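Subject: Structure handover

Hello,

Here is the structure I said I would pass on, followed by my notes on it. Please read them with the coordinates open.

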2 protein chains.
Amino acid sequence: MEIQELKNKKDVAPNRENDETCCVPTLIEPALGVKQARKAADVFNALADPTRLTILSLIARSERGEACVCDLTASFNMGQPSISHHLKILKDADLIQGDKRGKWVYYSLVAGRDEEIKGLLDTILKIPLGV
Amino acid sequence: MEIQELKNKKDVAPNRENDETCCVPTLIEPALGVKQARKAADVFNALADPTRLTILSLIARSERGEACVCDLTASFNMGQPSISHHLKILKDADLIQGDKRGKWVYYSLVAGRDEEIKGLLDTILKIPLGV
DNA sequence: CCTTCAAATTGACAATCTTCGATGTCAATG
DNA sequence: CATTGACATCGAAGATTGTCAATTTGAAGG
C-alpha cells in the first residue's frame, strides 16, 4: 500500500510529434492526487475480501438494515475475533458504523452513504462469473 | 483472500421473537454466492492500490484512451517491471486490455466496460479526503 | 461486588503482496 | 543474423494481511 509521487512533467519528453519514432510519452493531465489515490485505494481495499463483501451484503439486505456481531459470527465458519477484525476494517473505511445497545453492537451502512455503497456492490456483482 | 461457506441456516437459532432476551441471529437471505464474492473481491483487489488507480486514471483520461508501458513508466518513480506487474493484475481482473503494435504495447480500458470502470472510479473519487 | 456474556484487542504464524535487480522474449533495424 | 529497444517474467527481500487462541473490556444481572 505504498504510495509514490508522479514524476515531474519535466522529467519526460514533452512532445510526440512523430508517433512512430520512439516512445516519447504524451504525459496525461494531473490525473489523481496522491492523497486521493491512497484514500480511494483504502476503500477498495476494504471491499477486496469475500468475507467483508458478504458482511456488507448481509447488513445491506437485513430486515432492519443492521446486524449485531453475533448475527454475523453465526453466519461464517470463522471465529468472532476475525469478524470483529473485518468489521474494524469496514468501519475504518467509513463503510459501516457501529451502535452499541446493551451488550450488543449493531452495525449498519454509514448513514448517507447507503446508496453509494449498495451501488458499488451492485456494479461489481453484475459482472459475469466467466469461464 | 481465503473464502468460506456460509454456515447452514440450521446452525443458527431460527427466530427472534423477543428482541431483548439474547442474541438470536436473524439470519439474512442467501446474500451472496461464494464464487460471486470471490470474483467481486478480485476486482476490488485490483483497484485496491494507489499505483493501479493512478494507472487506470491515466489511461481513462489519456487523449486516445490508451497508453503504452513507457508512457506509464515515465509517470512513476518506480521500475518498469513493477508497472508491468500492476498492468498484469489489472488485465487479469479484466479491467484493461493490451494491444501490441510494433515494439510497443498499448493498454486501454476493456472495450464495453469502459463506462462501468469510469463509474467505479468516479464513485470513489467523490469521497472527501476527510481529516 | 462477582459473574456472565458480547465484543474488541493482542500476539503469533503462514500466506500473500509490492518492489527491485537480473534475465528472457520478441519485433524492428542495420 | 547480430544488435537494440520495449516489455514480460523470474527470484528474492520486506511489508502487509487473514486467521486463530488467549486475553481484556464493559455492560447486565444476580
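In this predicted model, a side-chain N or O atom of B:S84 lies 2.3 Å from a phosphate oxygen of DNA strand D. That is a polar contact (a pair of N or O atoms within 3.5 Å; within protein, one must be able to donate a hydrogen and the other to accept it, and residues adjacent in sequence count only if both atoms are side-chain atoms). A:H86 also reaches a phosphate oxygen of strand D, with a polar side-chain atom at 2.4 Å. B:Q80 instead has a side-chain N or O atom 2.8 Å from a base nitrogen of DNA strand D.

Two or more residues each are given to the surface near strand D by α4 (80-92) of chain A and by α3 (69-75), α4 (80-92) and β3 (104-109) of chain B. Helices (H or I, at least four residues) and strands (E, at least two) are DSSP runs, numbered from the N terminus. α4(A) provides the largest share, 5 residues.

There are 26 residues around DNA strand D, and among those that come nearest are B:C70 and B:Y107; near means that a heavy atom of the residue lies within 4 Å. Of the strand D atoms within 4 Å of the protein, 73% belong to sugar and phosphate. By class, this surface has 13 nonpolar, 9 polar and 4 charged residues (nonpolar: Ala, Val, Leu, Ile, Met, Phe, Trp, Tyr, Cys and Pro; charged: Asp, Glu, Lys and Arg; polar: the others, Gly among them).

B:Y107 also appears in the sheet of chain B, as the bridge partner in β3(B) of B:A67. The strands β1(B) and β3(B) run antiparallel and are joined by 3 bridges (pairing requires at least two DSSP bridges). The sheet is open, with 3 strands in the order β1-β3-β2 and antiparallel pairing. Its edge strands are β1 (66-68) and β2 (96-101), each paired on one side only.

Between the chains, A:L120, A:I124 and A:L125 of α5(A) meet B:Q36, B:A40, B:V43 and B:F44 of α1(B), where contact means heavy atoms within 4.5 Å. This contact has 6 nonpolar, 1 polar and no charged residues.

On conventions, residues are numbered from 1 along each chain as its sequence is written, and chains are lettered from A and ligands numbered from 1 in the order in which they are written. Local features need pLDDT of at least 70 and side-chain atom pairs count only at pLDDT 80 or more, while totals for chains, interfaces and linings use all residues; side-chain values use heavy atoms, with hydrogens and water left out.

Regards
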